[in-house]
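I opened this notebook to record what I looked up in the structure, entry by entry. Each entry keeps to what I could read off the coordinates.

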Amino acid sequence: MASHYLSIKSLHILCVLLSGGLFAVRGVLVLAGSRHGNHIALRRLSWVIDTALLASALLLAAVVHQYPFVHGWLTVKVLLLLVYIVLGVFALRRAPTRATKALSYFAALAVYAFIISVARTHQPLGIFGAS
């Protein structure tokens, strides 16, 4: 499986970009008051992308022998992912007001960016911990 590391990593990065991009588009649609932001086709596409993202993440962890709750930066990524998911649910569906949806949306995007910085630096503080 180690020989497939670059392919798995490329798939993971592609899924990160697709997942974040789709969330960004859906959020803009929801904030604009469009029903299309939560259209079943977009939700299902999101599930497919996120499933591939999770599968590639698990494969990468197995290949490089680095695991959440063992390695700090991966632990932070997993915890931030949970925060991102909760914020995303509020931004796209659960927030009672447009202002709360907008706040949740922008907070989710900020968390998404921070997750990427943690992944790029392999540091729990991401760009804030780089020397």
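**Core.** I began with the largest nonpolar core, which has 22 residues in this predicted model. Those with the most contacts inside the core are Phe23, Leu80, Tyr84, Tyr105, Ala108, Val111 and Ile115. I then asked which elements give two or more residues to this core, and I found helix 1, helix 2, helix 3 and helix 4. As general background I noted that nonpolar side chains tend to be buried together in soluble globular proteins.

I took Ala108 as one residue to follow, and, once its neighbours within four places in sequence are left aside, I listed its contacts as Phe23, Tyr84, Leu87 and Gly88. Two of these names, Phe23 and Tyr84, I had already written down among the core residues with the most contacts.

**Helix 3.** I checked the length of helix 3, residues 72-94, against expectation: at 1.5 Å a residue its 23 residues should span 33 Å, and the end C-alpha atoms are 31 Å apart, which agrees. Next I listed its buried residues, which are Trp73, Leu74, Thr75, Lys77, Leu80, Tyr84, Leu87, Gly88, Ala91 and Leu92. What do the buried residues of helix 3 pack against? I found that they pack against helix 1 (5-31) and helix 4 (98-121).

**Helix packing.** I described each pair by two values, since two packed helices are described by the angle between their axes and the distance between the axes.

For helix 1 and helix 3 I noted an angle of about 25°, with the axes 10 Å apart. That angle makes helix 1 roughly parallel to helix 3, because angles under 35 degrees count as roughly parallel. On the helix 1 side the contact is made by His12, Ser19, Gly20, Phe23, Arg26, Gly27 and Val30, and on the helix 3 side by Lys77, Tyr84, Gly88, Ala91 and Leu92. I also recorded that helix 1 passes helix 3 in a left-handed crossing.

For helix 3 and helix 4 the angle is about 160° and the axes are 8 Å apart. These two helices are therefore roughly antiparallel to each other, as angles over 145 degrees count as such. I entered the crossing of helix 3 and helix 4 as left-handed.

For helix 1 and helix 2 I read an angle of about 150°, with the axes 8 Å apart, and that makes helix 1 roughly antiparallel to helix 2. The crossing of helix 1 and helix 2 is left-handed.

**Two serines in helix 2.** I looked up Ser46, which is found in helix 2 (residues 40-64), and asked whether Ser46 counts as buried or exposed. Ser46 has 14% relative accessibility and so counts as buried, the cut-off being under 20%. Not counting residues up to four places away in sequence, Ser46 touches Leu22 and Arg26.

Ser56 also has its place in helix 2, and at 2% relative accessibility I entered Ser56 as buried. With residues up to four places away in sequence again not counted, Ser56 touches Ile8, Leu11 and His12. I noted that His12 also appears on the helix 1 side of the contact with helix 3.

**Two separations.** I turned to Ser10, which lies in helix 1 and counts as partly exposed at 47% relative accessibility. Ser10 and Ser34 are 24 residues apart along the chain, and I found their C-alpha atoms separated by 33 Å.

For Val64, which lies in helix 2 and is partly exposed with a relative accessible area of 37%, I looked up the separation from Ala2. These two residues are 62 residues apart along the chain, and the C-alpha atoms of Val64 and Ala2 are separated by 7.9 Å.

**Positive phi.** My last entry concerns backbone angles, and I kept in mind that most residues other than glycine have a negative phi. Which phi does His65 have? I read a positive phi of about 55° for His65, although it is not a glycine. His65 is found in the loop between helix 2 and helix 3 and is exposed, with a relative accessible area of 54%.

Phe69 is found in the loop between helix 2 and helix 3, and I noted its phi as near 70°, a positive value in a residue other than glycine. At 60% relative accessibility, I entered Phe69 as exposed.

Notes. Residues numbered from 1 in each chain as written. Predicted model: local features only at pLDDT ≥ 70, side-chain atom pairs only at ≥ 80, totals over all residues. Heavy atoms only, no water. Helix = DSSP H or I, 4+ residues; strand = E, 2+ residues; numbered from the N terminus. Buried < 20%, exposed > 50% of the residue type's maximum accessible area, 1.4 Å probe, protein only. Contact = heavy atoms within 4.5 Å. Expected span 1.5 Å × (residues − 1). Core = buried A, V, L, I, M, F, W, Y, C linked by side-chain atoms within 4.5 Å. Axes fitted to C-alpha atoms, helices over the stretch in contact; angles between N-to-C directions. Parallel < 35°, antiparallel > 145°, perpendicular 65-115°, else oblique. Left-handed = near helix turned anticlockwise from the far one by under 90°.
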